[in-house]
Amino acid sequence: MKANRHLVADTVARINDVGIGIMLQRGNNHSGALYRDDDDNQIYILHLPAEGKPHRDPWNPRWGWGVPRITRQELRLVRAMCHLVFDLQDDIPYGFKYGLDTRFSSATGALTTATDCRGLSCATFVLALFHSLNIHLLAVDSWEIQPEELPGMVAIAERQPNHEAVIAELPTARFTPEQVSGACLADELPIEFEEANECGNLVVEKMSGYLDRRREGI
Amino acid sequence: MALDTDTQATRPEKITAIVRDIYQATVPLHVQRGYPSPRVSEDDLTKHLPIFLYSIAPPTEPAPSPPTGPASEDNIHEAFLASVYRYSAEQKINKAITLVFKQVDSMLRRGEFPQVDRLFVQVDVPSLQPDILLAFLAITHAAKPKLDGSVRFIFATQTLEVMLQSMDNDSAGDLLRKFE
């Protein structure tokens, strides 16, 4: 892990294709994929704030971002996947449980979820965008249930329209926005649970420092 | 294409060997169906084989009919590919990739798998940048079981040859393995 690499919070000018964004929010951070639009050349954030269609918003400085260490060819393909997923405007169920068979699949139509997996969270939405192109950011099999995450997961689930179905997935391992963004700090992908936590904490630390400095006008 | 090490030299040779094997296996079938023996030199195998293979590979698929009007399937493919070639020539790689993703995805969603097979045959591989060729393979990867394996395989083989003109063997191989 190289702490000072790949994570930027002040400008998106250096994003040619795609990056992973994170927004710090009280109690629950949020993640999405940043990508450069083919037509207007602007950077947008594609994200899944709740059950339903993916949202696309212009990037703003509340979003920190990084670029995972993958090839330019792969970044270009993920960028195209972002275009595709946004244009399709499929309804995406909300869910925490995530498996390797979850992906946006052109063979079957909309999102295909792994067995017993209901849908996506904001973090697994980003994972699935990459994973659909066989790019693995996280070593999903190394994730374990973290009991301390459960209250937060229940709180998020209760905000979803089909909250009973979402809660029925619990307990399950949670993939967090910090962990997904943390993949941008890794030299090699996919990263295991421990490294993802370490990188994720570093992302939050760097982002917090950046936001504090902005608030103080530094 | 410059090949300066033994490792680099082996991959194209392997490709040619694989293609030659397929060629030799398919010629008897071709002749058996009453087609004239293909006039393809071994040196030109990778150039001509996709078209030849297509003619015999999908046994239940009727031969493509000539275009019947502006809305015919072949015309649609040609218009789509013309846009891809133009973007490629203008170095608008991302536009080309996005177009490929959207067009092929919509065909797959409609269940037009034989048409996607035919598209693979129609693409003039050497005319396109490697990144655009990869897009064809990436967007069809999940649909592999429903597509004609030999046509897609030949496309991937040709793609690898194009990639090797600008990438080293390992990088090209690693990348292609993810999508092939």
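In helix α5 of chain B, the residues B:Val116, B:Leu119 and B:Phe120 meet B:Phe136, B:Leu137 and B:Thr140 of helix α6 in the same chain, where a contact means heavy atoms within 4.5 Å, and where helices (H or I, at least four residues) and strands (E, at least two) are DSSP runs numbered from the N terminus. Please keep in mind that this is a predicted model, in which local features need pLDDT of at least 70 and side-chain atom pairs count only at pLDDT 80 or more, while totals for chains, interfaces and linings use all residues. Residues are numbered from 1 along each chain as its sequence is written, chains are lettered from A and ligands numbered from 1 in the order in which they are written, and side-chain values use heavy atoms, with hydrogens and water left out.

How do these two helices lie? The axes of α5(B) and α6(B), which are lines fitted to C-alpha atoms over the stretch in contact, are 12 Å apart and form an angle of about 165°, on a scale from 0 to 180 degrees between N-to-C directions. The two helices are therefore roughly antiparallel, a label used for angles over 145 degrees.

Let us stay with α6(B), residues 130-140, where 11 of its 11 residues are buried, that is, under 20% relative accessible area with a 1.4 Å probe and protein chains only. Among them are B:Pro130, B:Asp131 and B:Phe136. What covers these residues? The cover includes α3, α4, α5, α7 and α8 of chain B, together with α1 of chain A, residues 72-88.

That brings us to chain A, which has 6 helices and 8 strands, and whose elements, read from the N terminus, begin with six strands before a helix appears. Of its 218 residues, 56% count as buried, and among contacts between residues at least 6 apart in sequence, 68% join residues at least 24 apart.

Finally, the cysteines: how many disulfides, meaning pairs of cysteine sulfur atoms within 2.5 Å, does the structure hold over all chains? The count is 0, and A:Cys82, for one, has as its nearest cysteine sulfur that of A:Cys184, 13 Å away. A:Cys82 counts as buried because its relative accessibility is 0%. For A:Cys184, the closest cysteine sulfur is in A:Cys199, at 9.5 Å, which is too far for a bond, and A:Cys184 also counts as buried, because its relative accessibility is 1%.

Key. Disulfide = S-S within 2.5 Å. Buried < 20%, exposed > 50% of the residue type's maximum accessible area, 1.4 Å probe, protein only. Parallel < 35°, antiparallel > 145°, perpendicular 65-115°, else oblique.
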